[in-house]
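Dear colleague,

I am passing on the structure below, with some notes on what was found in it. Please read the notes with the coordinates open beside them.

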Amino acid sequence: MPLRPQLLIAVLVFSSFIAATALPSLALAQAVNAVASEKSTPPAVIKSIRFGVLPLGGTVESRALWTPLMADMSRAIGMPVDAYSVPSYEELDRAIGRDEIDMAFLSAKMALDAVMQRRMKVVAQIARRPGMPEHRAVLLMRKAAPFNTLDAMLAQPEHWRLARGDSRSVTGFIVPQSQLFLPHSIEMETRFRSEFVGTHQATALAVANGDADVATNNTTDFERFRQQFPIEAERLQVVWESEPPPGAPMVVRRDYPPEFQARLQGFLTGYGKGKGARADAERKVLETLRAAYGYAVADDSALLPEAKLEYQLGKQRAMAASWVNEAAREQRLQRIEKTYAQQVETLRASSGAAR
């Protein structure tokens with residue numbers, strides 16, 4: 001028998017009410033289940049570490065220098081540590097940008113960029129002790145005339161061939177540019193007859209072999225060069241030294257769990273500090289890496305000197321450059337001030353040193 005109109009309406013209204021009240025409950029149940037599922041999902045398991053190696057000479061040589069430390073790290077943390085070795089700073093920078101690097105020993109410039117991009121975090125740096133020779137940027141020239149004096153180079157850079165480091169290299173580019181060339185109104189990239197960009201080993205060889213007239217370098221890598229290429233090194237002289245630059249730090253991925261970051265930091269800062277045959281072997285590894293006293297605990301605030309150096313360099317360039325009008329120069333200076341303020345705030349805050 002068909003339902004009467006009044007009864008049919010009542011049934012429809014009641015069905016709508018049931019549906020309206022059931023749907024939110026169902027949605028709520030689904031949301032609760034989703035949250036529970038998310039909470040029960042364990043964090044991704046770290047199965048290996050890709051260790052970025054700065055190019056010191058060739059890629060094979062750089063990898064060989066770090067292999068003993070990486071092998072010891074692998075044993076200590078119980079997982080593979082693989083070298084990610086590249087021929088240039090630029091390629092290592094790209095690899096960091098693609099999240100292909102988990103841990104690395106970087107120039108202060110590269111570390112600052114990685115930290116500001118929120119990709120990496122500083123955990124250690126080379127330990128220093130009073131009386132240790134200071135790491136400095138240097139300029140190399142041949143001992144033989146005619147291209148062998150600093151004054152002659154500064155007077156007529158357009159007659160000289162320059163061999164320099166990558167623009168991300170603190171001692172190969174940033175410090176010489178800031179402390180020597182710009183104060184003498186010389187832009188490294190434009191004032192020389194020609195320029196060659198390469199590793200510290202490559203720039204020293206270029207001058208020693210007559211392919212360049214002056215090279216940027218540093219005291220640490222030039223000492224290594226003396227040991228590897230004694231005949232070529234004998235042809236060279238240091239004609240300028242910088243003030244001590246910001247140190248190169250060790251960084252790890254910022255998205256690593258804090259306890260895993262602490263394990264890596266503990267390994268580095270404890271390396272070579274013990275007693276016995278193993279600790280003696282570790283100290284020999286540190287000597288080959290020019291880190292005789294091992295690594296000290298550090299955080300992102302260790303990059304404050306590099307941020308200040310880049311700030312000063314930016315201002316020097318802005319003041320020396322030609323501008324359409326003074327307002328354009330002032331805008332550039334304001335951007336430099338703003339960038340530096342942001343860097344200082346980030347480095348202090350992320351390291352717990354905000355004040």
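The secondary structure of the protein chain, in what is a predicted model, amounts to 14 helices and eleven strands. Of its 355 residues, 42% count as buried, and among the contacts with a separation of 6 or more, 74% are between residues 24 or more positions apart.

Two sheets deserve a description, beginning with the one built from six strands, which is open, has the order 2-1-3-10-4-11 and is mixed in its pairing. Its edges are strand 2 (81–85) and strand 11, each of which pairs on one side only, and neighbouring strands are turned against each other by 30° on average, direction ignored. Within this sheet, strand 1 and strand 3 are paired in the parallel sense over two bridges, and G52 has A104 of strand 3 as its bridge partner. Helix 2 lies across strand 1, strand 2, strand 3, strand 10 and strand 11, and runs at about 160° to strand 2.

Helix 11 belongs with this part of the description, since what covers its buried residues includes strand 1 (49–53), helix 2 (59–77), strand 3 (103–105), strand 4 (120–126), strand 10 (249–253) and strand 11 (295–297). The buried residues of helix 11 are F260, Q261, L264, F267, L268 and T269. Helix 11 itself (residues 258–270) has 13 residues and reaches 18 Å from its first C-alpha to its last, which is close to the 18 Å expected at 1.5 Å a residue. After helix 11 comes G272, whose phi is positive, near 80°.

The other sheet is also open and mixed in its pairing, with five strands in the order 7-6-8-5-9. Strand 7 (194–197) and strand 9 (236–241) stand at its edges with a single partner strand each, so that one side of each is left without a neighbour in the sheet. Here, too, neighbouring strands are turned by 30° against each other on average, direction ignored. Strand 5 (residues 137–142) runs antiparallel to strand 9 and is joined to it by five bridges, with V138 having E241 of strand 9 as its bridge partner. Helix 8 (residues 200–208) packs on this sheet, where it touches strand 5, strand 6 (161–164), strand 7, strand 8 (214–218) and strand 9, and its direction makes about 145° with that of strand 8.

One residue of the edge strand may be worth a look, namely S194, which is found in strand 7. At 33% relative accessibility, S194 counts as partly exposed. Leaving aside its neighbours within four places in sequence, S194 is in contact with W160, R161 and L162, while its C-alpha atom is separated by 8.7 Å from that of H159, 35 residues apart along the chain.

Finally, there is a helix pair to consider: helix 13 (residues 304–320) and helix 14 (residues 326–350) pack at an angle of about 180°, with their axes 10 Å apart. Angles over 145 degrees count as roughly antiparallel, and helix 13 and helix 14 are therefore roughly antiparallel to each other. Among the residues that make the contact are L304, A307, K308 and Y311 of helix 13, and R329, R332, L333 and I336 of helix 14. By class, the residues of this contact divide into eleven nonpolar, two polar and six charged.

With best regards

Note on methods: Residues are numbered from 1 along each chain as its sequence is written. This is a predicted model: local features need pLDDT of at least 70, side-chain atom pairs count only at pLDDT 80 or more; totals for chains, interfaces and linings use all residues. Side-chain values use heavy atoms; hydrogens and water are left out. Axes are lines fitted to C-alpha atoms, for helices over the stretch in contact, and angles run from 0 to 180 degrees between N-to-C directions. Helices (H or I, at least four residues) and strands (E, at least two) are DSSP runs, numbered from the N terminus. Angles under 35 degrees count as roughly parallel, over 145 as roughly antiparallel, 65 to 115 as roughly perpendicular and the rest as oblique. Contact means heavy atoms within 4.5 Å. Ala, Val, Leu, Ile, Met, Phe, Trp, Tyr, Cys and Pro count as nonpolar, Asp, Glu, Lys and Arg as charged, and the others, Gly among them, as polar. The expected span of a helix is 1.5 Å times one less than its number of residues. Buried means under 20% relative accessible area, exposed over 50%, partly exposed in between (1.4 Å probe, protein chains only). Two strands pair if DSSP finds at least two bridges between them.
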